Amino acid sequence: MRAVYLKELRSYFTTPLGYVFMAFMLVLFGIYFMLYGLIYQNADYSYVLDAVTMLILFALPLLTMRMFSEEMKNKTDQLLFTSPVKIWKIVMGKYLAALTLFTLALVITMFQPIALSALGGSVPIQKVAGGYIGFFLYGCCFTAIGMLISSATENQLVAAIASIGVFMLIFLLDGIATMLPSTRAFALGVIIIAVLIVAFLIYRAVRDIYVTGIVGVVGIGAAVLLFFFVPSLYDNLLVNVADWCSLVIRYSDFYTGVFDFSNVVFYVSFTVFIVFLTIQVIEKRRWS
Amino acid sequence: MIEVKNLVKRYGNHLALDNVSFTIEKGEVVGFLGPNGAGKSTTMNIITGYLSSTEGEVLVDGLSVLDNPEKAKQKIGYLPEIPPLYTDMTVNEYLSFVCDLKKVPMSQKAEMITRITKQVRINDVRKRLIRNLSKGYKQRVGIAQALIGQPELLILDEPTVGLDPKQITEVRDLIKNLSEDHTLIISSHILAEVQAVCDRVIIINRGRIVAEDTPDNLAKTAVKSNKLELRIKGSKNDVLNGISQLPGIKFAEIVRIREEGAVDVNVETEEEADVREAIFNFCSENHYPILMMKTSEVNLEDIFLQITGEREAKRA
Ligand SMILES: Nc1ncnc2c1ncn2[C@@H]1O[C@H](COP(=O)(O)OP(=O)(O)OP(=O)(O)O)[C@@H](O)[C@H]1O
Ligand SMILES: [Mg+2]
């Protein structure tokens with residue numbers, strides 16, 4: 001794991017990507033810092049942490065797009081996966097290297113709130129510290145998603161564009177949910193479609209029509225029964241679900257000064273799940 | 001050392017390996033031959049654990065690559081078809097990374113890299129970026145990479161492909177050296193390559209093993225017809241027709257025209273038939289001077305083509 005980690009870290013700085021990412025992050029934070037801190041004379045740095053949430057999603061693919069795509073394209077993955085190192089360690093090595101760069105950029109920006117407070121601004125330390133923790137967790141999730149996408153294609157450009165697309169979709173998820181019809185029946189329809197998609201994925205994975213059938217029938221049956229017996233469950237269901245899994249709404253808790261430990265648990269489990277999926281995608285490729 | 005049992009590999013609906021089994025003893029040098037798309041790389045990728053087989057298993061020193069991947073992989077050095085090089089590293093950095101991957105103890109690293117770079121003669125480029133190396137050097141860095149960690153078993157997938165003739169001889173010599181203290185599997189579609197070093201040749205075609213023997217035995221058993229190469233002065237069709245009709249001749253064809261007014265003819269004779277006198281008599285009767293007559297050497301190329309059935313296809 002250490003070998004892969006160091007190699008990745010090194011490659012961020014032997015190619016321009018690492019520098020471009022750092023520069024992007026610093027310029028981004030710098031602009032908002034100028035705007036809020038210097039022009040509006042607002043010492044509440046959490047505004048900056050809020051403002052950059054979307055734009056940073058354009059920077060993260062710089063870190064993640066080449067992670068596995070490049071290895072597959074150059075066939076260097078043959079070296080990694082025939083070496084006596086477990087696959088999860090290779091994945092973790094790469095993931096931690098990307099995370100290190102992200103963290104490094106974050107740490108460098110910390111000098112801004114520190115400078116603000118040194119210049120006599122009354123920085124709300126708790127809010128800003130919370131904001132940074134949240135921002136870090138938020139970055140962990142999106143970095144993992146970028147890595148997952150990179151493990152699925154050997155074309156870096158495709159990986160980058162797909163990552164930005166998926167990031168935007170996730171970012172706008174709760175907004176989209178509020179635009180959809182909020183009737184109970186529509187929610188039921190969406191649930192049924194979701195069950196069908198899950199059943200299809202299960203079928204792809206295990207190729208067993210019985211297991212697939214059972215999952216599908218039980219899932220749809222349960223959804224329909226609930227619809228008739230506990231219809232209130234379907235009120236605003238989509239919005240609630242979208243809010244619950246939204247990576248963005250949870251983040252806003254952090255920089256508004258609410259420290260809810262369940263949010264930390266959510267982000268960490270989400271990240272672990274995506275890293276796990278990445279390992280599965282790579283394992284699966286060997287069998288195809 | 002290696003036991004390959006009933007390997008089947010499907011890519012979707014395409015059957016790439018169809019029940020391939022063989023064993024390789026410690027210290028043996030085995031050539032793995034087959035035309036493009038035969039399944040050589042697929043087999044090697046399965047042995048090294050890069051791919052999983054659809055059915056069947058591979059044991060390296062009794063260890064299954066699937067159940068015991070770390071231990072099994074430790075015993076194997078692999079040079080894939082395309083050397084897995086990080087081109088933005090220097091040779092030193094790259095080999096040091098490979099040492100870390102293969103868990104070479106820190107204390108042995110420097111010594112091992114020095115020894116291996118000397119052995120494959122890349123000493124003089126150790127500080128250069130791999131990107132800037134010539135193809136031959138890149139290939140050798142690939143071989144160096146496979147040697148790191150002192151694996152007992154080396155698997156080289158087409159190690160001389162794309163090199164110039166001088167590099168080819170050098171890499172072959174290198175392989176010959178390596179064959180002295182390693183179990184070795186080399187794949188190739190050039191026969192001369194394996195003929196020189198291999199104790200045994202496995203010929204594979206369309207995912208099946210079609211022959212397996214020593215190079216010498218293959219030469220003895222597989223080629224049943226004799227061949228003559230002739231250069232005769234005279235008109236193309238007359239010469240060809242005349243020779244084709246001589247008793248004992250199975251097949252005659254014009255290969256090319258090298259000298260003005262003369263044709264080069266390849267002749268295949270019935271088994272045990274010596275047609276040289278008959279050809280001489282025929283030519284002297286018709287006043288076709290014989291400029292050259294020699295029996296062609298039986299080489300593995302022919303056996304190979306014969307067994308894989310491509311010659312028939314070409315003729316048809
Ligand atoms: N990833 C893949 N997906 C689908 N088919 C594949 C894949 N890899 C190989 N094949 C097919 O499997 C067969 C065997 O391929 P393989 O690369 O093992 O052949 P080979 O003997 O190494 O040939 P070559 O001499 O060209 O290297 C070929 O028909 C090839 O088209
Ligand atoms: Mg091949």
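In this predicted model, a polar side-chain atom of Thr42(B) comes to 2.5 Å from an oxygen atom of ligand 1, and the protein as a whole covers 62% of the 630 Å² of accessible area that this ligand has on its own. Another oxygen contact involves the backbone, since an N or O atom of the main chain of Ala38(B) lies 3.1 Å from an oxygen atom of ligand 1. On the nitrogen side of the ligand's chemistry, a side-chain N or O atom of Tyr11(B) is found 3.4 Å from a nitrogen atom of ligand 1. Altogether 14 residues surround ligand 1, and the closest of them are Gly37(B), Lys40(B), Ser41(B), Thr42(B) and Glu81(B).

Two of these residues, Ser41(B) and Glu81(B), also serve the magnesium ion, ligand 2, with Ser41(B) donating through OG and Glu81(B) entered twice through OE, at distances of 1.8 to 2.8 Å from the ion. The pair joins distant parts of chain B, given that Ser41(B) sits in helix α1 (residues 40–47) whereas Glu81(B) belongs to the loop between β6 (76–79) and α3 (91–101), 40 residues apart. Ser41(B) counts as buried because its relative accessibility is 17%, which is under the 20% limit, while Glu81(B), at 36%, counts as partly exposed.

Turning to chain A, the assignment divides the chain into domain 1, made of residues 2–177 together with 249–287, and domain 2, which covers residues 183–235. The centres of domain 1 and domain 2 of chain A, taken over C-alpha atoms, are separated by 33 Å.

Conventions
Residues numbered from 1 in each chain as written. Chains lettered and ligands numbered in written order. Predicted model: local features only at pLDDT ≥ 70, side-chain atom pairs only at ≥ 80, totals over all residues. Heavy atoms only, no water. Donors = N, O, S within 2.8 Å, 3.2 Å for Na, K, Ca; no water. Helix = DSSP H or I, 4+ residues; strand = E, 2+ residues; numbered from the N terminus. Buried < 20%, exposed > 50% of the residue type's maximum accessible area, 1.4 Å probe, protein only. Domains from an automatic or database assignment. Near = heavy atom within 4 Å. Polar contact = N/O pair within 3.5 Å; in protein donor to acceptor, adjacent residues only side chain to side chain. Areas by Shrake-Rupley, 256 points an atom, 1.4 Å probe, with all protein chains shown as cover.
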